[in-house]
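Q: Can you walk me through this model? I'd like to start with the packing inside.

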Amino acid sequence: MRKPKLPSSNPYPQPDSSIIKYGAVFLYSWFIWNPCCAVGVVSSRACFNSSHKCPSASNSVNEPLCGQLIDVPGLAVLGANGSFRDVITPLNPTNLTPPFFQVWDSSFLDILGSNPSVRLISERDDFAFAHEAPIWSPATNEVFFASNDGGPLGMSDLNHNNQVSMINLNDVNGTGPQNITFTKVPITPEIQMVNGGTPFGDNLLFITSGRGSFPPGLSLVNPNPPFNSTTILDNIHGRQFNSLNDAKIHPKSGAIFFTDVIYGFINDFRPPPLLPNQVYRFDPKTSQIRVVADGFDKCNGIAFSPDGSVAYIADTGASVKGGFNSTEAATLYAFDVDEKTQVFTNRRVLAWVDTGVPDGVQVDSNGNVYASCGDGVQVFNTSGVLLGKIFLGTTSSNHIFAGPGRMVVLAETKIFLVEFAADPSLVELA
């Protein structure tokens, strides 16, 4: 795909230059002089094709690029009076209204394609209904997800379970923001504190953190009524897990890999931890289980490269009770997956995220890594270069591809739909 190019001259000139200086931060700001952005269209449909004419434009001039194009060298020195920020404040130098796309590397334009968009499709401000465990069901075009378990606005605690809900993407109409209905899923028997999820054949695989004396575990759920559940694992050799967090299926072996961490204890709905924070492999055919990686502060999201040779683990160590300790891990690690044992080896840093912590992780068909973070979804290539961001201006805990060219992003009290040129890395189970 041909990459759109910045115009050689600004058709909407300003007195000084086409680059605005923000403190010592330089940001290409073509969008400021673009009529479509002036009326806020960028918040629902970004104009990244240099030949795309925005709906509000009344002249015949080809519109320039729309969105934030970060001049990375300009960020290298802020100076004594620079606009430094903390761990939870997103970098938005021109205060553009989210959501929009933030381009850090020109290769991100290939991911976005010629006509990308990001828009709000569901919200409820008093309930963190859209926290974790997103799973897209291709048969029905529904997305399943879970509310915040034990956190703010989650309406769940030691005595109350969190809620699994679903939306139907067929209810999304037109191109603008909207608020489609989400529906509670009556899973039977009930599973406790769902926090992770991934497709598993024709079923939903939910990862539960447990609650009180209810143990954490892995449960298969029918995506259709009566939404019956079957727990397939709730211990390792007779010992309870701490509070399971997230999982992925290995694309070659079909084994289930999942993370275990102490957030249930931190959020006061699980007993004190009795195991290290570590990553496990479970073979659903033989029920054999083993540890494949340890040594984390708080292992969280997990994903694999398309061929299964590399594993990615998010460490959310900086997320602590009551807030953040920015001296702890906010890091995506990469590992080689041993061909025979599937133990994770050769641990190395893929990337550190600059806002919040990396939580849910997905990989596209080209191997690019997507991490939900404190400002939306950050996208890295396999070398750890930050390519760009799906900038929401608020925290996303997880996201999921919903078929080719679509991504659903969970943001606690809101859900966003992204349409772009990226395709998911698929796992086909026999």
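Q: Okay, first one: what does I390 touch, leaving out residues up to four places away in sequence?
A: I390 touches F100, F101, V118, D375, G376, V377, M407, V418 and F420. Contact means heavy atoms within 4.5 Å.

Q: What kind of model is this, and how are residues numbered?
A: This is a predicted model: local features need pLDDT of at least 70, side-chain atom pairs count only at pLDDT 80 or more, and totals for chains, interfaces and linings use all residues. Residues are numbered from 1 along each chain as its sequence is written, and side-chain values use heavy atoms, with hydrogens and water left out.

Q: Back to the packing. How many residues does the largest nonpolar core have?
A: That core has 23 residues. Those with the most contacts inside it are F108, I111, Y370, I390, M407, V418 and F420. A nonpolar core is a set of buried Ala, Val, Leu, Ile, Met, Phe, Trp, Tyr and Cys residues joined through side-chain atoms within 4.5 Å. Buried means under 20% relative accessible area, exposed means over 50%, and partly exposed is in between (1.4 Å probe, protein chains only).

Q: Which elements give two or more residues to this core?
A: They are helix 2 (108–112) and strands 4 (100–103), 5 (117–123), 26 (376–380), 27 (386–391), 29 (406–411) and 30 (414–419). Helices (H or I, at least four residues) and strands (E, at least two) are DSSP runs, numbered from the N terminus.

Q: Where does the largest share come from?
A: From helix 2, which gives 4 residues.

Q: What about a second core: which residues does it include?
A: The second core is separate and has 22 residues. Among them are A334, L350, A371 and L386.

Q: What is the general tendency behind cores like these?
A: In soluble globular proteins, nonpolar side chains tend to be buried together.

Q: New topic, sheets. What is the strand order in the open sheet of 4 strands?
A: The order is 18-19-22-23, and the pairing is antiparallel. Two strands pair if DSSP finds at least two bridges between them.

Q: Which strands are at the edges?
A: Strand 18 (299–304) and strand 23 (344–352) are the edge strands, and each pairs on one side only. From one strand to the next, the twist averages 25°. For such angles, axes are lines fitted to C-alpha atoms, for helices over the stretch in contact, and angles run from 0 to 180 degrees between N-to-C directions.

Q: Over how many bridges do strand 19 and strand 22 pair?
A: Over 6 bridges, in the antiparallel sense. Strand 19 covers residues 310–315, and strand 22 covers residues 331–337. One bridge partnership there is V310 with D336 of strand 22.

Q: Does D336 come up again? What forms a salt bridge with D336?
A: R348 does, and the closest N and O atoms are 3.1 Å apart. A salt bridge is a side-chain nitrogen of Lys or Arg within 4 Å of a carboxyl oxygen of Asp or Glu. R348 is in strand 23 and D336 in strand 22, 12 residues apart. R348 counts as partly exposed at 30% relative accessibility, and D336 also counts as partly exposed, at 27%.

Q: How many salt bridges are there by this rule?
A: The count comes to 10.

Q: What about D268 and K321: buried or exposed?
A: Both are exposed. Their side chains meet in a salt bridge, 2.8 Å from N to O. D268 lies in the loop between helix 3 (263–266) and strand 16 (278–282), and K321 in the loop between strand 20 (319–320) and strand 21 (323–324), so the pair ties together parts that are 53 residues apart in sequence.

Q: Which residues are linked in a network of salt bridges?
A: R85, D354, D375 and K389. D375 is also one of the residues that I390 touches.

Q: Last topic, the backbone. Which residues does the cis peptide bond with omega about 0° join?
A: P98 and P99. P99 lies in the loop between strand 3 (68–70) and strand 4. The bond from T188 to P189 is cis too, with omega near -10°. P189 sits in the loop between strand 9 (183–184) and strand 10 (194–200).

Q: And N141, buried or exposed?
A: N141 is buried, with a relative accessible area of 11%. N141 has a positive phi of about 60° although it is not a glycine. Its place is in the loop between strand 6 (132–137) and strand 7 (142–146).
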